[in-house]
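Please examine the structure shown below together with its sequence. The explanation that follows begins at the ligand and then turns to the surrounding fold.

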Amino acid sequence: MPPEDPTRKSLRELGATEPVAIAWLFTQLRVRLSAELARASEEGGWDKVRDSWVGIGDTVSIRVATNWVETAPEQVRLLVFRERENLIEFVNIRLTVMQTLQDLGYTSPEAIPPLFQKLSGAFDGEIKACVDEIDLGVSRVNWVGRRSGVLTLITDNWLKPANPELKRTVGQELNKLKAHVESTLEARKRDVESLAERGASAKDRVDLSLSGVIRPIGTHHLIRQVFQEIEDIFFSIGFSVVEGPEIETPYYNFEALNIPEFHPVRDDMDTFYLELPKGAPGPLLLRTHTSPVQIRTMEKRQPPVRVIVPGKVYRRDNPDATHSFMFHQIEGLAVDSDITFCDFTGTIDYFVKQFFGESVKTRFRPSYFPFTEPSVEFDVSCVFCGGSGTANSGGTCGKCKGSAWIELFGAGMVDPAVYGFVNYDPQKVSGFAFGIGIDRLAMLKYGIDDIQAFFQNDVRFLGQFP
Ligand code: DAH
């Protein structure tokens, strides 16, 4: 044995503390053993091989026990222990199958089956210990390898040189062992495959029984939902949607709507004017209502016109429960050659009933807007107290303050003066217009008492309107 024999050193000295390095050391031992066995089969000296590997005293197996197993790091000690057991088994089997039966001292057929039984048992033990395809591959080579697998060695060393009285039994037993080895390898292969699959499944496979990552699906903001609801109602009676700019000129926002520069209603609209670079044409402002799009539409289209205009509007209001510097409107405009006040009230009544339900009542009161004549304010019977003015608790309804009516929005027949700005002939056309505050309508319909809730983006609020 050369002095640099690794079994004389500890695993730490060999730098082999990882499973891969340890397996490699044992593989090298097997290679060395095979070389020694090959030499022995040429020159004899089986006993010397046996003694130096698995005998008593200073043998490979004892050195492995003391230098490797006992000093192995805790986490690989069991592995080293098993590898040693396997090595000893390997030595014993190889020593047996590389000698002839005669050398081994077998002369009677009765002794043959127990001999094969022992081999078969050793094989079973080895296969049972295989946990993956790598282990199994090593065992396969060990047993059915064509050049020096155990079965080949038995054929060459036991069967072929056997004397006639043993040959039959050896042949039969060998065939049995071969069949057993092959079927067992096959079965174990399926086992480790499914084992590997199960192992992989833990890591990679989708477990359909798990609840999974719940990714909440967003929905439209309540304001957007109400827009769509209102748009649908007007679509159903022949209106279409148009849009206009949020930054407007005073002409569209005021003048063309019959609100001249010093008209007092301008004071009602605390307006955001834009600061413009010197020399830029201006002034410009954030539109205070969607009504300018009436003008823009009529400039572009000839009657009949039936449009609604959803959008954002801006006013310099201080935020409170009913005011916001930005809110939403839907403008409506219908102009044709023969539109009457009845068409107007009928349309509005239809819309309100579609939106709040058939049971509500509508009414209109005279009002004033510079761009409609006559102008009205539409009311709906209070949706909270059912138009009774009395709350469920018996007291006065807080929402309509006992009046039984709730003010909804302004509207009217388009003022003939407006047609003058868009080159329509007031003698030939007539129409109506309305401007609905969306936030207010949403608050009424869904019982929301603070307009700020729409803009705070609190998902606990938003999530209530899926
Ligand atoms: N533009 C008005 C406002 O924001 C609302 C309005 C009233 C619009 C009457 C109309 C209308 O089209 O006819 O207060």
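In this predicted model, the shell around the ligand comprises, by class, 5 nonpolar, 8 polar and 2 charged residues. The shell thus described has 15 residues, of which H289, S291, R315, Q329 and E331 come nearest to the ligand. Three strands each supply at least two residues of this shell, namely β5 (326-336), β8 (405-414) and β9 (430-437).

Several polar contacts can be located individually. A nitrogen atom of the ligand lies 2.9 Å from a polar side-chain atom of S291, a residue that is also listed among those coming nearest to the ligand. The backbone takes part as well: a backbone N or O atom of A433 is placed 3.1 Å from an oxygen atom of the ligand, and a polar backbone atom of F434 is 3.2 Å from an oxygen atom of the ligand. On its own, the ligand has 360 Å² of accessible area, and the protein covers 92% of it.

The strands that contribute to the shell belong to a wider sheet. This sheet is open, has 7 strands and shows mixed pairing, in the order β1-β4-β5-β9-β8-β7-β6. Its edge strands, each pairing on one side only, are β1 (240-241) and β6 (362-369).

Within the sheet, two strand pairs may be followed in detail. Strand β4, residues 305-314, pairs with β5 in the antiparallel sense over 10 bridges; in this pair, V305 stands opposite V335 of β5. Helix α14, residues 292-300, packs on the sheet and touches β4, β5 and β9, with its direction at about 40 degrees to that of β5. A second helix, α11 (residues 222-235), lies across β1, β4, β5 and β9 and runs at about 5 degrees to β5.

The other pair includes the edge strand β6. Strands β6 and β7 pair in the antiparallel sense over 7 bridges, and they form a hairpin with 2 residues between them. In this pairing, the bridge partner of R363 is D379 in β7.

Some details of the backbone geometry remain to be considered. Most residues other than glycine have a negative phi, and most peptide bonds are trans. Which residues are joined by a cis peptide bond with omega of about 5 degrees? They are P303 and P304, and P304 is placed in the loop between α14 and β4. A further cis peptide bond joins E373 and P374, with omega of about -5 degrees. Unlike P304, which lies in a loop, P374 is found in a strand, β7 (residues 372-381). Finally, K401 is not a glycine, yet its phi is positive at about 55 degrees; K401 is located in the loop between β7 and β8.

Taken together, the ligand and the sheet can be read as one picture: β5, β8 and β9 supply residues to the shell, and these strands stand within the sheet order as β5-β9-β8.

Definitions and conventions. Residues are numbered from 1 along each chain as its sequence is written. This is a predicted model: local features need pLDDT of at least 70, side-chain atom pairs count only at pLDDT 80 or more; totals for chains, interfaces and linings use all residues. Side-chain values use heavy atoms; hydrogens and water are left out. A residue is near a molecule or strand if one of its heavy atoms lies within 4 Å of it. A polar contact is a pair of N or O atoms within 3.5 Å; within protein, one must be able to donate a hydrogen and the other to accept it, and residues adjacent in sequence count only if both atoms are side-chain atoms. Accessible areas come from the Shrake-Rupley method with a 1.4 Å probe; for residues, only the protein chains shown count as cover. Helices (H or I, at least four residues) and strands (E, at least two) are DSSP runs, numbered from the N terminus. Ala, Val, Leu, Ile, Met, Phe, Trp, Tyr, Cys and Pro count as nonpolar, Asp, Glu, Lys and Arg as charged, and the others, Gly among them, as polar. Two strands pair if DSSP finds at least two bridges between them. Contact means heavy atoms within 4.5 Å. Axes are lines fitted to C-alpha atoms, for helices over the stretch in contact, and angles run from 0 to 180 degrees between N-to-C directions.
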